[in-house]
Amino acid sequence: MRAITIPEPGGPDALVLTEVPDPDPGAGEVLVEVAASAVNRADILQRQGHYDPPPGASPYPGLECSGRIAALGPGVTGWSVGDEVCALLAGGGYAEKVAVPVGQLLPVPDGVDLVTAAALPEVTATVWSNVFQVAHLQPGETLLVHGGSSGIGTMAIQLGKAVGARVATTAGSERKLQFCRDLGADVLVNYHEQDFVEDIGGHGADVILDVIGAAYLARNLEALAVNGRLVVIGMQGGVKAELNLGRLLAKRAAIVATSLRARPAEEKVAIVAAVRQHVWPLIESGTVRPVVDSSVPLASAAEAHRLMESSGHIGKILLTV
């Protein structure tokens with residue numbers, strides 16, 4: 001089969017399409033013939049040499065995929081060869097085939113085509129686990145989503161509205177903010193021109209989903225409501241910042257930092273099961289939808305990385321096989 005490899009860390013051209021051995025599904029795994037994968041910020045970090053796959057994971061980038069089951073490993077039940085699926089991966093999505101633990105498989109939702117389904121596993125698992133399982137967003141609370149036009153942001157806005165939250169979001173252009181408004185966002189903040197602390201209004205944000213990290217830490221704390229929960233899932237704005245513990249104590253607030261890729265298998269299985277139970281019905285009813293900016297052939301993965309690094313996209317960038 002062919003897969004995107006990274007012989008040496010570097011820029012987008014470090015991604016090389018190479019003939020590699022087919023993966024062999026082990027016990028409790030299935031072999032998926034990939035229809036599409038999707039680009040995530042973690043893939044860029046891996047390409048640059050800053051984010052190695054967890055032990056035992058595929059060395060190829062790609063944290064999600066869609067496709068058809070080509071073979072069942074020992075002990076697999078409940079799935080059949082030919083089933084259309086999408087999957088959360090620890091790596092290996094940038095390839096024609098990938099071995100997937102059965103607990104990380106999801107059926108393609110009704111009403112979603114096979115390629116578009118590749119846009120769903122990572123964002124739904126990330127948003128559901130962080131906003132709902134960690135931060136426990138409740139109806140009537142305010143959710144602040146940084147980077148609302150990203151893949152994660154577009155899903156967070158929709159799921160926040162679906163459960164009855166007031167949603168505020170930041171983005172870097174009026175085009176992106178208008179898209180966020182169309183998804184249901186109530187408060188729109190152009191971070192080039194506005195201050196999200198001032199614009200969020202009310203008593204502040206009960207939950208903040210943050211992909212920026214250090215650069216936003218102090219302002220996020222100011223924006224938090226009393227008993228607010230800040231969940232940091234990215235470090236696009238750096239890794240080190242000063243924290244006013246007195247302010248944190250006064251607000252009785254919580255700051256949690258999480259990542260999905262390196263979580264133990266049993267945690268990923270539980271997250272995927274929760275996504276299937278809570279999010280899939282919202283997708284199948286049309287309440288929530290995948291947002292796809294563009295699709296690029298696997299052989300042009302470097303082009304897809306350049307597009308993500310330019311931050312000109314809205315939603316997900318797919319790699320089609």
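Here a trainee and a mentor talk through a predicted model of one protein chain.

Trainee: Let's start with the whole chain. What makes the protein chain as compact as a globular protein of its length?

Mentor: First, the protein chain has ten helices and 15 strands. Its radius of gyration is 19 Å, close to the 20 Å that the globule rule gives for 321 residues, so the chain is as compact as a globular protein of that length. Along the principal axes, the C-alpha atoms fill a box of roughly 55 × 40 × 35 Å.

Trainee: How much of the protein chain counts as buried, and how much area does the chain expose?

Mentor: Of the 321 residues, 52% count as buried. The exposed area is about 13100 Å², and carbon and sulfur atoms supply 52% of that. Among contacts with a separation of 6 or more, 66% join residues 24 or more positions apart.

Trainee: Why is Gln194 called partly exposed?

Mentor: Partly exposed lies between the cut-offs of 20% and 50%. Gln194 has a relative accessible area of 33%, so the label fits. Gln194 sits in the loop between β10 (187-190) and α5 (196-199). Beyond its neighbours within four places in sequence, Gln194 is in contact with Leu188, Val189 and Asp199.

Trainee: Ile233 is in a loop as well. Which residues does Ile233 touch, not counting those up to four places away in sequence?

Mentor: They are Thr126, Asn130, Ile152, Leu209, Asp210, Val211 and Thr258. The loop in question runs between β12 (224-232) and α7 (245-251). The C-alpha atoms of Ile233 and Ser259 are separated by 6.1 Å, with their positions 26 residues apart along the chain.

Trainee: Now the backbone. What makes the phi of Asn227 worth a remark?

Mentor: Most residues other than glycine have a negative phi. Asn227 has a phi near 65°, a positive value in a residue other than glycine. Asn227 lies in strand β12. Its relative accessible area of 40% falls between 20% and 50%, so Asn227 is partly exposed.

Trainee: And what is the phi of Ser311?

Mentor: Ser311 has a positive phi too, near 60°. Ser311 belongs to the loop between α10 (301-310) and β15 (316-320). With a relative accessible area of 32%, Ser311 is partly exposed.

Trainee: On to empty space. What makes a space a cavity rather than a pocket?

Mentor: In a cavity a 1.4 Å probe fits but cannot get out, whereas a pocket is open. The structure holds one cavity of 30 Å³ or more, and about 40 Å³ of space lies in the largest cavity.

Trainee: Which helix gives the most to the lining of the largest cavity?

Mentor: Helix α3 (residues 151-162) does, with four residues. The lining includes Gly151, Thr154, Met155 and Gln158, along with Arg289 and Lys316. By class, six lining residues are nonpolar, three polar and two charged.

Trainee: How is the lining of the second largest pocket made up?

Mentor: The second largest pocket holds about 480 Å³ of space. Of its 29 lining residues, Gly56, Ala57, Ser58, Ala90 and Ala99 are the closest to its centre. The lining divides into 18 nonpolar, five polar and six charged residues. β6 (97-101) and α8 (265-278) each supply at least two residues, and the largest share, five residues, comes from β6.

Conventions
Residues numbered from 1 in each chain as written. Predicted model: local features only at pLDDT ≥ 70, side-chain atom pairs only at ≥ 80, totals over all residues. Heavy atoms only, no water. 1 Å grid on protein atoms, 1.4 Å probe; cavity = no way out; pocket = protein on both sides within 12 Å on 5 of 7 lines; lining within 4 Å. Points joined across faces, edges and corners; volume = space filled by probe spheres on them. Nonpolar A, V, L, I, M, F, W, Y, C, P; charged D, E, K, R; others polar. Rg over C-alpha atoms; globule rule 2.2 N^0.38 Å. Buried < 20%, exposed > 50% of the residue type's maximum accessible area, 1.4 Å probe, protein only. Contact = heavy atoms within 4.5 Å. Areas by Shrake-Rupley, 256 points an atom, 1.4 Å probe, with all protein chains shown as cover.
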